[in-house]
Amino acid sequence: MLDLKSIRQDPEQLRTALKNRNYGMAQLDALLAEDKHWRERKQKWEEKRSERNKLSLEINQLKKDGKPIEPVIARSKKFDDELKAAEEAVFEIEDKLNALVMGMPNIPDASVPVGKDEAANPVVRTMDKSLFLSQKERPSGERKVLPHDEAGMKLGWLDFERGVKLAGHRFVVLHGLGARLERAILNFMLDQNTGKGYKEVFPPLLVNTPTMTGTGQLPKFAEELYHCEKDDLWLIPTAEVPVTNLYANEILEEYDLPKYHTAYTPCFRREAGAYGKDIKGIIRQHQFNKVELVKFCLPESSFDELEGMVRD
């Protein structure tokens with residue numbers, strides 16, 4: 001989430017960033033207008049509070065002097081109603097303003113190339129893609145490789161029919177060696193990560209609204225999340241959400257950084273906007289397992305830490 005104060009002080013920096021991202025300006029214009037409106041209403045509210053305080057002092061002085069206070073009290077009660085209405089107006093505008101700020105995309109780093117679309121993206125690094133080629137993409141003469149869903153069903157590892165019976169579309173049951181393989185891979189990755197200095201964490205799978213907001217899932221991706229309305233708790237879409245919020249509202253000492261964490265969690269996603277996309281096999285499941293890496297570091301070392309994470 002961008003800092004409102006920085007947007008207010010230098011809106012042109014954000015306007016340039018949005019232009020570079022091929023992003024419309026309507027949201028920024030609405031944000032600046034709402035911010036102006038909010039400041040005007042807040043000033044009026046504070047003026048009324050000041051006047052209300054003067055009335056309180058006047059009432060106290062009249063009491064000391066033994067003079068009648070009823071007329072001033074009547075004026076004070078009227079002021080209370082006006083003050084409450086002004087306060088409610090300020091908070092209503094503030095909610096709209098915060099929603100606009102949270103919906104604003106981040107400012108790209110100066111090193112990020114600018115282009116009209118993904119065709120302008122430079123190749124940063126390459127890797128051996130042979131493991132990820134489909135049968136059609138493979139050179140002729142190579143042995144046939146079954147898609148993962150066909151191989152999984154043939155081996156008796158993946159059971160989509162019972163997944164649908166138990167929970168619905170985009171759920172699967174793992175049997176036998178399939179379940180054991182899942183568990184083994186999770187343990188393998190956790191062991192790999194802890195061996196490289198990452199501290200293992202097992203966080204809650206349900207988090208509150210401030211936690212989900214802290215990593216940007218809310219309000220933008222509310223439709224993609226599972227919400228338990230009775231408790232106002234959300235099923236996590238990734239371990240990144242609780243792990244990134246581990247130190248929310250805390251001050252970390254510079255000498256205590258960097259902090260490395262790894263976490264295995266089940267992840268839950270409604271995939272509300274993904275109908276018809278990657279529906280075969282265990283891609284885009286509503287529930288899946290993942291091992292996450294999260295680092296807390298100083299801004300000036302963030303790029304080096306990112307490259308280290310990519311290598312890990």
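Visitor: Which residue does the side chain of Glu271 meet in a salt bridge?

Guide: A salt bridge is a side-chain nitrogen of Lys or Arg within 4 Å of a carboxyl oxygen of Asp or Glu. For Glu271, the N to O distance in this pair is 3.1 Å. The partner is Arg284.

Visitor: What kind of model is this?

Guide: Residues are numbered from 1 along each chain as its sequence is written, and side-chain values use heavy atoms, with hydrogens and water left out. Local features need pLDDT of at least 70, side-chain atom pairs count only at pLDDT 80 or more, and totals for chains, interfaces and linings use all residues, as the model is predicted.

Visitor: Is Glu271 buried or exposed?

Guide: Buried means under 20% relative accessible area, exposed means over 50%, and partly exposed lies in between (1.4 Å probe, protein chains only). Arg284 has a relative accessible area of 30%, so this residue is partly exposed. Glu271 has a relative accessible area of 10%, and therefore counts as buried.

Visitor: How many salt bridges does the structure hold?

Guide: Side chains of opposite charge can pair when their charged atoms come close. One such pair is Arg15 and Glu12, at 3.5 Å from N to O. The number of salt bridges in the structure is 12.

Visitor: In which helix do Arg15 and Glu12 both lie?

Guide: Helices (H or I, at least four residues) and strands (E, at least two) are DSSP runs, numbered from the N terminus. Arg15 is partly exposed at 22%, and Glu12 is partly exposed at 47%. The two residues are 3 apart, about one turn of the helix, and this helix, residues 11–20, is α2.

Visitor: Which residue forms a salt bridge with Arg39?

Guide: Arg39 lies in helix α3 (residues 26–65), and its partner is 4 residues away, so the two are separated by about one helical turn. Arg39 is partly exposed, with a relative accessible area of 40%, whereas the partner is buried, at 1%. The closest N and O atoms are 3.4 Å apart, and the partner is Asp35.

Visitor: Which residue is linked with Asp35 and Arg39 in a network of salt bridges?

Guide: Arg39 and Asp35 form one salt bridge, at 3.4 Å. The network also includes Arg8.

Visitor: How far apart are the end C-alpha atoms of helix α7?

Guide: The expected span of a helix is 1.5 Å times one less than its number of residues. Helix α7 has 20 residues (176–195), so its expected span is 28 Å. The distance between the end C-alpha atoms agrees, at 28 Å.

Visitor: What arc do the buried residues of α7 cover around the axis?

Guide: The buried residues are Gly178, Leu186, Leu190 and Asn193. The arc is that of the directions from the helix axis to the C-beta atoms. These four residues lie on the same side of α7, because they cover an arc of only 110°.

Visitor: Which strands do the buried residues of α7 pack against?

Guide: The other side of α7 holds the exposed residues Gly176, Leu177, Arg180, Asp191 and Gly195. Contact means heavy atoms within 4.5 Å. The buried residues pack against β2 (173–174), β3 (199–201), β7 (259–268) and β8 (287–296).

Visitor: How many disulfides does the count come to?

Guide: A disulfide is a pair of cysteine sulfur atoms within 2.5 Å. The sulfur of Cys228 is 16 Å from the closest cysteine sulfur, that of Cys267, which is too far for a bond. Cys228 is partly exposed at 29%, and Cys267 is buried at 0%. The count of disulfides comes to 0.

Visitor: With which side chain does the side chain of Gln217 make a polar contact?

Guide: Gln217 lies in the loop between α8 (209–214) and β5 (227–228), and is buried at 12% relative accessibility. Leaving aside residues up to four places away in sequence, Gln217 touches Met212, Ala222, Leu225, Pro237 and Val241. A polar contact is a pair of N or O atoms within 3.5 Å; within protein, one must be able to donate a hydrogen and the other to accept it, and residues adjacent in sequence count only if both atoms are side-chain atoms. At 2.5 Å, the polar contact of the Gln217 side chain is with the side chain of Thr215.
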